[in-house]
Amino acid sequence: MGTTDGLAPEVAALERVIARLQLVGEVGRVLGSTLDVDEALRRLARLVVPRLADWLVVDLLADDGAQELRRAVVVHRDPGCAPEGTHERPMPPVPERSASSLGQVLRGGPPALLGPDEFAARRDSPLMVAQHELFDELGAGSAVVVALRTPRRVLGALTLVRRDPAPPYDAVDVELAADIAQQAGLAVDNAQLFDAQRRVAETMQRHLLPALPDVDHLQLTARYRPAHATSHVGGDWYDSFLLPDGVTTMVVGDVVGHDLPAAARMAQLRNMLRALAWDRTEPPHVIVRRLDQVATHVSDARMATLVFARIEGPVGGPHQLRFTNAGHPPPLLVTEDGQATYLDGGAGMILGVQPDELRHDALHPLPARATVLLYTDGLVENRRESIDVGLTRLRQHASALARHDLDEFCDQLVDRLAPDGADDVALLALRLPAEPFAEPDPDVTP
């Protein structure tokens, strides 16, 4: 009996070590489950509270190197005491000198263990005031403040708090908090780097996409929505420009690859197509065949899909759509009364496979007030369903939106069909005039 009693402290210590290792392992899995910084930290908080703390705070420094600070996450074991979003806000700047444990940790200091004496200390900076106001509001008997850091810099701070009569934190708890904060710091750093890459890709993509031409008798609208993931940014594009013969063109395409190099290849392909189309007045299928042949030899854009179309006809109408399709989802024609039809003609091989293969055009009349929609597969394709399901859904929604303003037509399609941002989406829509367009008489004063 005495032997068993003698082992009790060792058993308790072993159980504590095992629990600590399990918690650290779970922290790693939780932090690796998302690349959204705030969501990752919120999941971390829900794991740590109430196992290690009654409530928890994460404060983050701006990721641009500035000393701006924001309270990113506050999670309490009783959600009613700290509803989500209630306390998250910008914080006062980090002071050069202060007794604030938060300020000292954010300036690279060691972990801080706080008790009643520290909570009662004079508040000598706005940051310390903000820190201790939260201690007063939510209650604090003991606290640990540790840095979220990488080898390069401090990213923020993690504050764990226990309320009385919970046992106060000790040196072992500080070590555990430091282990958790180290993992969190690496996760935040990775997520911020990922987000920075995504913003670069989005900016590059948007600057590469052109302004649409101003055509008096035609309405043109385009939308581009990048994927939420950096790895899915870059390949989708649209274009529209006027040819020397006065014809308006429409192009939507998708370069194989979803990254920054794909965005660069997209720009190459777009510019080559513009040059070839302007160089000679030729049918779309001839221009796209020449594009395929040229790109094979002078571009890194080895494979791509696209639809290249001409809106033909006199200014007052009638109009027709002449187009060729290189392995791309078909154009959608939506009439004013809601009839939505896919135009399947002109289909050919994707670019980069058989550049010398003959291509063909399709010709389709365009009724007054009709809408022509070109789009990329991000609007109709996902991993859960076949593309046929997505095409059916697009046709149904486009039909229901046929009488909407063209901008709202496009916005609604993107919002309804691609709400999760799983892939890039580019679309280009054109609407025909409601009635014959008459050129103004130069002899008549407006």
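Okay, let's start with one pair of residues: Glu312 stands opposite Gln320, and Gln320 sits in strand 11. Before I go on, a word on what we're looking at. This is a predicted model, where local features need pLDDT of at least 70, side-chain atom pairs count only at pLDDT 80 or more, and totals for chains, interfaces and linings use all residues. Residues are numbered from 1 along each chain as its sequence is written, and side-chain values use heavy atoms, with hydrogens and water left out.

When I say strand or helix, I mean DSSP runs numbered from the N terminus: E for strands, at least two residues, and H or I for helices, at least four. Two strands pair if DSSP finds at least two bridges between them.

So, which strands does strand 11 pair with? Strand 10, residues 304-312, runs antiparallel to strand 11, and seven bridges join them. Those two make a hairpin with six residues in between, and in the turn Gly313 has a positive phi of about 130°. Strand 15, residues 362-366, is also antiparallel to strand 11, with five bridges; there, Phe323 stands opposite Ala362. Then there's strand 14, residues 347-348, which pairs with strand 11 in the parallel sense over two bridges. In that pairing, Asn325 has Ala347 as its bridge partner.

Is strand 11 largely enclosed or largely open? Six of its eight residues, 319-326, are buried, so strand 11 is largely enclosed by the rest of the structure. Buried here means under 20% relative accessible area, exposed means over 50%, and partly exposed is in between, using a 1.4 Å probe and protein chains only.

Now over to Asp54, in the loop between helix 2 (37-48) and strand 1 (55-61). Asp54 counts as buried because its relative accessibility is 9%. What does its side chain reach? One polar contact goes to the side chain of Arg77, at 2.5 Å. By polar contact I mean a pair of N or O atoms within 3.5 Å; within protein, one must be able to donate a hydrogen and the other to accept it, and residues adjacent in sequence count only if both atoms are side-chain atoms. The Asp54 side chain also reaches the backbone nitrogen of Arg163 at 2.7 Å.

Last, the cysteines. How many disulfides are there? Taking a disulfide as a pair of cysteine sulfur atoms within 2.5 Å, the count comes to zero. Cys81 is partly exposed at 32% relative accessibility, while Cys410 is buried at 0%.
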